[in-house]
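Work through the following exercises with the sequence and the coordinates at hand. Each task is followed by a solution that proceeds step by step.

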Amino acid sequence: MSKLNSSHKMGNPVYPIMFAIGVCHLFNDTLQAVIPAMFPVLESELGLTFTQLGLISFALNIVASVLQPIVGFISDKKPMPYALPLGMLSSFVGMAGLALAPEYWMILVSVIFLGVGSAVFHPEGSRVSFMAAGSKRGLSQSIYQVGGNSGQALAPLISAFILVPLGQRGAALFLVVAAVGIFLLSKISAWYKKQLEAEKLSKRKRTLLSSLPALTKKQVGVALTLLMVLIFARSFYVTNMTNFYIFHLMENYGLTIKEGQLIIFIFLALGAVGTFFGGPMADRMGRRNVIVLSMAVPIPLSLVLPYVPVWAIILLLIAIGFFIMLSFSVTVVYAQELVPSKIGTMAGLTVGLAFGMGAIGAVVIGILMDFVGVYTTMIVVSTLPIIGLVALALPKDRKITMSN
């Protein structure tokens, strides 16, 4: 099964589009970040249990998880340029509902709208990143993914400086973010449509040049399964840090919400930095090597994290955040190279699975915290990076040269 699927020369990178879709990814994931940022507010104002908070995260992420591969599969057959602003419009509706919802069930409905918006955005956004990349595939994917992870990193700051002072109604401020996103995505969609028309006239379809050797269908299936296991471990761990670690810092270290959220911000911000460097590092070191490094380094650090003083927590989270997210964009590209004819499907599958595992993880962790307590849950979660060592069994890739 040959993996060299690019018979034409790679074009020049379109940097304005690369950065614009990265900014829109920042906007999209900032809107998603409002959900975990509201958890301390909802827990105190509405008296929600950890299980109920987990179900809110589940509703958001499971919709995105289920729909993303479907959207990716459909768009591989028939690309949908103007789905991008429509997806952001769905997020706009969800954010409006979230700011105004007086009851728990209405919050769940609102986050479903946000989940639909995210599900539409990610596969099509990844396709735009690919189309604009030219010969800078790793760089383009890193710019795109670091936009999203930067948006997620804003969750603690949103909580500390907007939602805690303003309460639930503070979420209405993010309608401005959604509106600007709709405008930008409309412009990007116009460029996207022109690219599709140009490809149609030239009768030449963009495909991905793979760095992997020829693999059988069985080998591809095994490799994808290993990637799924790895994403499971990473997503569970990051979901815990984003949604629930604040309660550990408050209960066991006596920190305020603002102090705890600033520490979590450090973890997520370094994750965004790691995401950016992961792509270029993979171009030099190999994608599999970066994936293995990303999962191996955090293991001893995460294992000792529940037992150290506050000053050491900050140092450990700097390292864990950077390394555990180093492979985020790399796993997307690796999956796309395993099945290079299905760019949207693989982006939807890998990122969608991350959402899905985050959804399940939020419920499991919430239930666990209600039954065995916050501290014991943190100890259990600290073992998750060990599962990521399945990356050692992934097929090795090689460096490829792209012509300009």
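**Exercise 1: aromatic pairs**

Seven aromatic pairs are counted in this structure, which is a predicted model. Characterise the pair formed by Phe50 and Phe247, and then the pair formed by Phe277 and Phe322.

Solution. A pair of aromatic rings is described by the distance of the centres and the angle of the planes. For Phe50 and Phe247 the centres lie 4.8 Å apart and the planes meet at 70 degrees; because an angle over 60 degrees counts as edge-to-face, the pair is assigned to that class. The next step is to place the two rings: Phe50 belongs to helix H2 (residues 50-77) and Phe247 to helix H8, so that the pair links distant parts of the chain, 197 residues apart. Both Phe50 and Phe247 are buried.

Phe277 and Phe322 form a tilted pair, with 6.5 Å from centre to centre and 50 degrees between the planes. This pair also links distant parts of the chain, with Phe277 in helix H9 and Phe322 in helix H12, 45 residues apart. Phe277 has a relative accessibility of 41% and therefore counts as partly exposed. As a last step, ring pairs join Phe276, Phe277, Phe322 and Phe323 into a cluster.

**Exercise 2: the salt bridge**

Locate the one salt bridge that is counted, and decide whether its partners, Arg127 and Glu124, are buried or exposed.

Solution. Side chains of opposite charge can pair when their charged atoms come close. Here the closest N and O atoms of Arg127 and Glu124 are 3.4 Å apart. Both residues lie in helix H4 (residues 104-133), where a spacing of three residues corresponds to about one turn of the helix. Arg127 and Glu124 are both buried.

**Exercise 3: nonpolar cores**

Describe the largest nonpolar core and one of its well-connected members, Val34.

Solution. The largest core has 80 residues, of which Val34, Ile56, Leu98, Tyr237, Tyr245, Phe267 and Leu305 touch the most other members. Helix H1 (residues 15-45) supplies the largest share of this core, namely 15 residues. If residues up to four places away in sequence are not counted, Val34 touches Met95, Leu98, Ile158, Leu163, Ala171 and Phe174. Apart from the largest core lies another, of 23 residues, among them Ala223, Leu230, Met295 and Leu338.

**Exercise 4: the setting of helix H10**

Which residues of helix H10 are buried, and against which helices do they pack?

Solution. Helix H10 (residues 287-296) is mostly covered, seven of its ten residues being buried. These are Arg287, Arg288, Val290, Ile291, Val292, Ser294 and Met295. They pack against helices H8 (217-253), H9 (257-285), H11 (298-304), H12 (310-324) and H13 (328-338).

**Exercise 5: two single residues**

Classify Ser382 and Val176 by accessibility, and describe where each of them lies.

Solution. Ser382 lies in the segment after helix H15 (374-381). Its relative accessible area is 5%, so Ser382 is buried. A polar atom of the Ser382 side chain lies 2.5 Å from the backbone oxygen of Ile379. Leaving aside neighbours within four places in sequence, Ser382 is in contact with Tyr237, Ser302, Leu303 and Pro306.

Val176 is found in helix H7 (residues 175-202). With a relative accessible area of 54%, Val176 counts as exposed. The C-alpha atoms of Val176 and Phe92 are separated by 8.8 Å, although the two residues are 84 apart along the chain.

Key:
Residues are numbered from 1 along each chain as its sequence is written. Side-chain values use heavy atoms; hydrogens and water are left out. Buried means under 20% relative accessible area, exposed over 50%, partly exposed in between (1.4 Å probe, protein chains only). Helices (H or I, at least four residues) and strands (E, at least two) are DSSP runs, numbered from the N terminus. Contact means heavy atoms within 4.5 Å. A salt bridge is a side-chain nitrogen of Lys or Arg within 4 Å of a carboxyl oxygen of Asp or Glu. A nonpolar core is a set of buried Ala, Val, Leu, Ile, Met, Phe, Trp, Tyr and Cys residues joined through side-chain atoms within 4.5 Å. A polar contact is a pair of N or O atoms within 3.5 Å; within protein, one must be able to donate a hydrogen and the other to accept it, and residues adjacent in sequence count only if both atoms are side-chain atoms. Rings of Phe, Tyr and Trp (its six-membered ring) pair if their centres lie within 6.5 Å; planes under 30 degrees apart count as stacked, over 60 as edge-to-face and the rest as tilted.
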